[in-house]
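Here are my notes on the model you sent over. I have kept them to numbered points so you can check each one in your viewer.

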Amino acid sequence: MPILVAVALLIALVLKTFLVQAFVIPSGSMEQTIRIGDRVLVDKLTPWFGARPARGDVVVFKDPGGWLDGEQALPGPDPVVVKQAKQFLSFIGLLPSADERDLIKRVIGVGGDTVKCCDTNGKVTVNGTPLDEPYINPGNPPSKLEFTVDVPAGRLFMMGDHRSNSADSRYHLDDPGHGTVPESLVLGRAVVIAWPLGHWQRLSEPDTFASVGDAPPSGTRARGSPNSVSPMDQQGSIQLPTPAELPLVMGVVGLRRMYDRRQSGERSGCGGLGGRRAFRSRRAREAARGDGRGVHGRRAEG
């Protein structure tokens with residue numbers, strides 16, 4: 001029995017550390033999607049294989065610093081034995097983590113995105129695309145705060161679904177990173193509400209972000225030296241001249257051809273070396289056609 005208990009505890013610890021972990025939700029910042037007292041299961045496996053948070057994901061992350069100050073009231077202290085037992089069960093994953101330094105929010109922007117509030121219709125935009133957000137708590141506007149944030153690489157812009165009750169990235173714009181959260185602080189993606197059973201649901205990525213395109217490159221000179229030019233664009237395609245550039249291009253080509261002819265001893269006018277060469281070329285073409293009017297016909301008559 002002791003061996004079986006030890007193996008079971010080891011399996012629970014491995015599951016909690018590398019596969020899935022349960023968290024209890026103490027606040028209403030994600031209502032109505034996730035309510036106070038809900039237990040969510042967080043996927044901790046896929047990040048080990050290089051998966052990165054995407055727009056629309058609900059993720060649990062460690063406090064970047066100061067986000068939880070004064071937000072949550074601490075529960076009354078447990079008796080010593082109960083406290084130790086809860087800490088042990090939470091450590092091995094048999095109890096949801098009540099670590100108050102963890103937060104849960106929705107990813108709105110990833111590295112390279114520009115998140116802005118709001119457009120003329122009062123919607124949050126990502127890379128210029130307005131978001132239709134059905135997950136927002138009923139009665140809440142997308143945001144009462146106006147902001148524009150360029151999300152640095154490797155960081156995330158977070159917002160709660162209960163926009164009027166969520167001290168998220170919008171309230172930390174003066175912090176380092178302009179309110180964004182490093183991806184390294186993300187513990188995992190919330191995949192399902194496991195308890196209570198009446199509120200059981202899978203937390204999938206909404207269709208809201210399907211039409212959001214990636215941000216354009218930060219500069220057209222990203223691949224070359226600061227002073228280099230190239231006929232290729234960022235995708236390696238040859239750039240054709242625009243209609244406004246065509247007269248200039250044609251003029252340069254014409255001057256270049258005239259210069260090449262002068263270098264080879266040709267002139268474009270009648271007479272002279274250029275005229276004789278042009279005449280010979282014309283006679284040679286007529287002879288090649290064999291129509292009776294060529295060089296061979298005239299020689300035969302002479």
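1. The disulfide count comes to one, taking a disulfide as a pair of cysteine sulfur atoms within 2.5 Å. The partners are Cys117 and Cys118, with S to S at 1.7 Å. The link is left-handed, with -40 degrees about the S-S bond. The peptide bond from Cys117 to Cys118 is also cis, with omega near -5 degrees. Bear in mind that this is a predicted model, where local features need pLDDT of at least 70, side-chain atom pairs count only at pLDDT 80 or more, and totals for chains, interfaces and linings use all residues. Residues are numbered from 1 along each chain as its sequence is written, and side-chain values use heavy atoms, with hydrogens and water left out.

2. How buried or exposed are the two cysteines? Cys117 is buried at 5% relative accessible area, while Cys118 is partly exposed at 25%. The cut-offs are under 20% for buried, over 50% for exposed and partly exposed in between, with a 1.4 Å probe and protein chains only. Cys118 sits in the loop between E5 and strand E6 (125–126). Strands (E, at least two residues) and helices (H or I, at least four) are DSSP runs numbered from the N terminus.

3. Now the open sheet: four strands in the order E7-E6-E5-E8, with antiparallel pairing. Its edge strands are E7 (129–130) and E8 (147–150), each pairing on one side only. Two strands pair if DSSP finds at least two bridges between them. Strand E5 (residues 114–117) and E8 share four bridges in the antiparallel sense, and Lys116 stands opposite Thr148 in E8.

4. Have a look at E9 (residues 155–159) too, where four of the five residues are buried. E9 pairs antiparallel with strand E4 (residues 102–109) over three bridges, and Arg106 has Met159 in E9 as its bridge partner. Two bridges join E9 to strand E10 (residues 181–182), again antiparallel; there, Leu156 is matched with Val181 in E10.

5. Arg106 turns up again in the lining of the largest cavity, together with Gly56, Asp57, Val58, Arg189, Ala190, Leu203, Ser204 and Glu205. On a 1 Å grid over the protein atoms alone, a cavity is a set of points where a 1.4 Å probe fits but cannot get out, and lining residues have an atom within 4 Å of a point. The count is one cavity of 30 Å³ or more, and the volume of the largest is about 30 Å³. Points are joined across faces, edges and corners, and the volume is the space filled by probe spheres set on the points. The lining divides into three nonpolar, two polar and four charged residues; Asp, Glu, Lys and Arg count as charged, Ala, Val, Leu, Ile, Met, Phe, Trp, Tyr, Cys and Pro as nonpolar, and the others, Gly among them, as polar.

6. Some backbone spots to check. Most residues other than glycine have a negative phi, and most peptide bonds are trans. The peptide bond from Glu31 to Gln32 is cis, with omega near 0 degrees, and Gln32 lies in the loop between strand E1 (20–24) and strand E2 (39–43). Asn127, in the loop between E6 and E7, has a positive phi near 55 degrees and is partly exposed at 23%. His178 has a positive phi of about 55 degrees; His178 belongs to the loop between E9 and E10 and is partly exposed at 47%.

Key: On a 1 Å grid over the protein atoms alone, a cavity is a set of points where a 1.4 Å probe fits but cannot get out, and a pocket is an open set with protein on both sides within 12 Å along at least five of seven lines; lining residues have an atom within 4 Å of a point.
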